[in-house]
Each structure stands twice: as C-alpha cells, then as structure tokens.
Amino acid sequence: MMFLEPKYTIHHLIDRCRAGERKAQELLYKQFASKMLGVCMRYATDRMEAEDMLHNGFIRVFHKMDDYRGDGSFEGWVRRIMVHSSIEYYRKHHKMMQIIDIDEAGHEPSVNPIAAANLDAKVLMGMIQQLAPGYRIVFNLYALEGYSHKEIAEIVGITEGASKSQLSRARTILKEQIAKIEGKSYGYAG
C-alpha cells in the first residue's frame with residue numbers, strides 16, 4: 001500500500017477530491033486501490049473483471065464524495081461502495097441464479113478444522129471465485145462483509161430464504177472442496 005505524502009492527510013485529499021482535483025483523486029486511488037482490489041476479487045471471476053469492478057467503484061467514490069459525512073472510517077465507506085459496485089457489475093454482466101431450495105440446509109459434510117485453517121488464502125480465494133455468481137455474492141456478503149440475510153435480500157434483490165439457501169449451498173460446496181484437498185494432502189482417496 002502506498003502511504004500518503006506527509007503534506008496530505010486523508011481529510012485533505014477528500015476535500016481536494018470534492019473540489020475535483022485530479023492529483024488528489026490519483027493519490028486517493030493509489031492509497032486504497034490495492035486493498036479495494038482484494039474486495040472486488042471476492043466478487044469477480046478473474047482479475048480483469050475485478051479491475052473493472054474497482055475502476056467502476058472508484059468512479060462512484062469520486063461522484064459520491066459529497067455524501068461522505070465523516071461519521072465512520074473513510075475506508076469503510078469506500079469498501080461499501082466497492083461491494084455495491086461489484087454486485088451491480090455482476091447484475092449487469094452476468095445472469096445470477098436464484099436458488100430457493102432451503103431443504104439442503106443442514107446437510108453439509110464435516111471438515112477437519114485444522115486442515116481448513118491450513119489452506120492457503122489464494123487457494124481459498126480461488127475456491128470462492130469458482131462458486132456460481134449467486135452463491136459467491138451471498139457468501140461474500142454474509143461471511144466476509146457481515147451483512148444479515150435481510151440486508152443481503154435487499155441488496156441483491158432476492159428473498160431472505162433464497163439468501164439462506166444460497167449461503168448454505170455455498171458452504172456445502174466449499175466444504176466439499178476443502179474435504180477433497182484434505183484427502184489429497186493425507187493420501188486418502190476422495
């Protein structure tokens with residue numbers, strides 16, 4: 001992450017961005033781009049798509065700069081915009097599946113928690129990226145961003161039941177993939 005030059009504070013950059021100064025926008029982008037790309041990667045199918053989401057998100061950040069009131073952290077505010085921008089990108093470019101079968105909940109295979117904890121972050125990110133779009137978005141919003149099923153339903157435009165079902169299915173798929181890796185790492189057939 002690039003750190004701000006001593007003469008620029010975040011609040012100074014925000015003020016300069018509100019005034020439309022390109023240099024301030026560039027510095028703000030450099031300050032947060034790396035971390036926000038990580039957020040976008042969780043919703044994208046690949047890095048190129050994540051970069052598109054990132055750029056769309058920063059355009060929105062700069063257009064909505066006057067909406068930031070300073071109540072919470074600026075980074076948190078930018079993060080929320082990136083999440084919403086990523087979901088909107090997905091709505092526009094991909095057909096999202098809506099799963100309503102809640103009967104699958106509770107039929108999840110168990111996984112050795114030690115093996116799961118030893119997974120490389122890149123491997124886990126790859127597994128999440130392989131999930132179907134609806135599953136991936138609900139999983140990310142619930143497990144990583146901390147949204148409730150009610151909030152997810154409103155953001156994504158599905159029912160709370162569909163959100164719960166998609167989360168359950170995403171967890172099942174991820175646990176099955178972890179179990180396969182666990183079996184391979186211990187020499188078991190799987």
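Colleague: How are helix 2 and helix 3 oriented to each other in this predicted model?
Modeller: The axes of helix 2 (residues 22–41) and helix 3 (residues 47–63) cross at roughly 135 degrees. Angles over 145 would count as roughly antiparallel, and 65 to 115 as roughly perpendicular. The pair falls in neither range, so helix 2 and helix 3 are oblique.

Colleague: What is the handedness of the crossing of helix 2 and helix 3?
Modeller: The two axes come within 9 Å. The crossing is right-handed.

Colleague: Which kind of residue, nonpolar, polar or charged, makes up 13 of the residues in the contact of helix 2 with helix 3?
Modeller: Helix 2 brings residues including L28, F32 and M36. Helix 3 brings residues including L54, F58 and F62. The contact also holds 2 polar and 2 charged residues, while the other 13 are nonpolar.

Colleague: Where do the buried residues of helix 8 lie?
Modeller: In helix 8 (residues 149–156), H149, I152, A153, I155 and V156 are buried. Seen down the axis, these fall within an arc of 170 degrees, so they line one face of the helix.

Colleague: Which residues are exposed on the other side of helix 8?
Modeller: Exposed means over 50% relative accessible area. On the side away from the buried face, the exposed residues are K150 and E154.

Colleague: Which residue follows helix 8?
Modeller: The residue after the helix has a positive phi, near 85 degrees. This residue is G157.

Colleague: How many helices are in the protein chain?
Modeller: The elements run α-α-α-α-α-α-α-α-α from the N terminus. There are 0 strands, and the helices number 9.

Conventions
Residues are numbered from 1 along each chain as its sequence is written. This is a predicted model: local features need pLDDT of at least 70, side-chain atom pairs count only at pLDDT 80 or more; totals for chains, interfaces and linings use all residues. Side-chain values use heavy atoms; hydrogens and water are left out. Buried means under 20% relative accessible area, exposed over 50%, partly exposed in between (1.4 Å probe, protein chains only). Helices (H or I, at least four residues) and strands (E, at least two) are DSSP runs, numbered from the N terminus. The arc is that of the directions from the helix axis to the C-beta atoms. Axes are lines fitted to C-alpha atoms, for helices over the stretch in contact, and angles run from 0 to 180 degrees between N-to-C directions. Angles under 35 degrees count as roughly parallel, over 145 as roughly antiparallel, 65 to 115 as roughly perpendicular and the rest as oblique. A crossing is left-handed if the near helix is turned anticlockwise from the far one by less than a right angle, and right-handed if clockwise. Contact means heavy atoms within 4.5 Å. Ala, Val, Leu, Ile, Met, Phe, Trp, Tyr, Cys and Pro count as nonpolar, Asp, Glu, Lys and Arg as charged, and the others, Gly among them, as polar.
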